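Reader: Hey, I've got a protein model open and I'm a bit lost. Can we walk through it together?

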Amino acid sequence: MSGTAIRLVILTVFLGILVLAPAIVPAFAAGGGGGGGGGPPGEDIMRPGPPPSNTSNPSNAKSSSTNRATHRTKRSDKQSFLSDPAFIRGYREAYATIYDRYDYESAIRQLSALGHDDYANVANLIGYSYRKLGEYKQSQVWYERALKSDPQHVLTWQYYGLWQIEQGNREQAQYHLSKIAELAGTDSEEYRSLAAALEQPSATGLVY
């Protein structure tokens, strides 16, 4: 093969790579992993219930990555404890105490022992535990603390909305529902859960 022919082959291959490159790069980027919210590995366990439902209607919900971020407090330099194995282990133990064993008093002690009860996820679960124990004043204190830490913490808006319903504050619960719609969309699990609770008769006891 002559030198000219070789150069033509090389040029053809090079041009082919240039044509394919735009398609290859996005595909590679899409395949990369990365959880939303900036928390520790496996942070999905930091929130009860299933992940929010995806939706094809952009007017009713944010993107799935945005939804994930709203359920979890974003990590800052002051929240380096989120990568601490001891914190993660202790949080998961408290989570299991609540949702597997329904031992809310023990869960409150476990969550408090973590030493980060101003972190929205922790404060929210303490509030949830007090609510399940029927200690509504204490529950409210912790829900307010969670929202002070992270005003976009969707799960707190949901749980606090259920608190409002149990207290007979249905208009306030409706406000919580509108906040969830704003932050996570009307197809999110949190929105649908609170909306379903609002549709029940006032005297109906909640189970979640």
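**Two helices side by side**

Author: Sure. This is a predicted model, and a good place to start is α8 and helix α9 (residues 189-199), whose axes come within 9 Å and cross at roughly 160°.

Reader: Ok, so how are α8 and α9 oriented to each other?

Author: They are roughly antiparallel, because an angle over 145 degrees counts as that. The crossing of α8 past α9 is left-handed.

Reader: Why quote both an angle and a distance?

Author: Because two packed helices are described by the angle between their axes and the distance between the axes.

Reader: Which residues of α8 and α9 meet?

Author: From α8 there are Arg-170, Ala-173, Gln-174, His-176, Leu-177, Ile-180 and Ala-181. On the α9 side they meet Glu-190, Tyr-191, Leu-194, Ala-195, Ala-197, Leu-198 and Glu-199.

Reader: And which residues of α8 are buried?

Author: Ala-173, His-176, Leu-177, Lys-179, Ile-180, Leu-183 and Ala-184. Looking down the axis of α8, these buried residues fall within an arc of 160°, so they line one face of the helix.

Reader: What span should α8 have, and how far apart are its ends?

Author: Helix α8 covers residues 170-184, which is 15 residues, and at 1.5 Å a residue it should span 21 Å. Its end C-alpha atoms are 20 Å apart, which agrees.

Reader: What follows α8?

Author: Gly-185, with a positive phi near 95°.

Reader: Let me zoom out. How many helices and strands does the chain have?

Author: Nine helices and zero strands, so to speak an α-α-α-α-α-α-α-α-α run from the N terminus on.

Reader: What share of the residues is buried?

Author: Of the 208 residues in the protein chain, 39% are buried. As for contacts between residues at least 6 apart in sequence, 62% join residues at least 24 apart.

Reader: New topic: α6. Which of its residues are buried?

Author: In α6 the buried ones are Ser-139, Trp-142, Tyr-143, Ala-146 and Leu-147. They cover an arc of only 140° around the axis, which puts them on the same side of α6.

Reader: What's on the other side of α6?

Author: Lys-137 and Lys-148 are there, and they are exposed.

Reader: And what covers the buried residues of α6?

Author: The cover includes α5 (120-132) and α7 (154-166).

Reader: At what angle do α5 and α6 pack?

Author: About 165°, and their axes are 8 Å apart. That makes α5 roughly antiparallel to α6, and their crossing is left-handed.

Reader: Which residues make that contact between α5 and α6?

Author: Among them are Ala-123, Ile-126, Gly-127 and Tyr-130 of α5, along with Ser-139, Trp-142, Tyr-143 and Ala-146 of α6. Those four from α6 are also buried.

Reader: How does the span of α6 work out?

Author: With 14 residues (136-149) at 1.5 Å a residue, α6 should span 20 Å, and its end C-alpha atoms are 20 Å apart, which agrees.

Reader: Last one. Where does Tyr-102 lie?

Author: Tyr-102 is in the loop between α3 (85-99) and α4 (104-113). Its phi is positive, about 55°, although Tyr-102 is not a glycine.

Reader: Is Tyr-102 buried or exposed?

Author: Exposed, because its relative accessibility is 54% and exposed means over 50%.

Notes
Residues are numbered from 1 along each chain as its sequence is written. This is a predicted model: local features need pLDDT of at least 70, side-chain atom pairs count only at pLDDT 80 or more; totals for chains, interfaces and linings use all residues. Side-chain values use heavy atoms; hydrogens and water are left out. The expected span of a helix is 1.5 Å times one less than its number of residues. Buried means under 20% relative accessible area, exposed over 50%, partly exposed in between (1.4 Å probe, protein chains only). The arc is that of the directions from the helix axis to the C-beta atoms. Axes are lines fitted to C-alpha atoms, for helices over the stretch in contact, and angles run from 0 to 180 degrees between N-to-C directions. Angles under 35 degrees count as roughly parallel, over 145 as roughly antiparallel, 65 to 115 as roughly perpendicular and the rest as oblique. A crossing is left-handed if the near helix is turned anticlockwise from the far one by less than a right angle, and right-handed if clockwise. Contact means heavy atoms within 4.5 Å.
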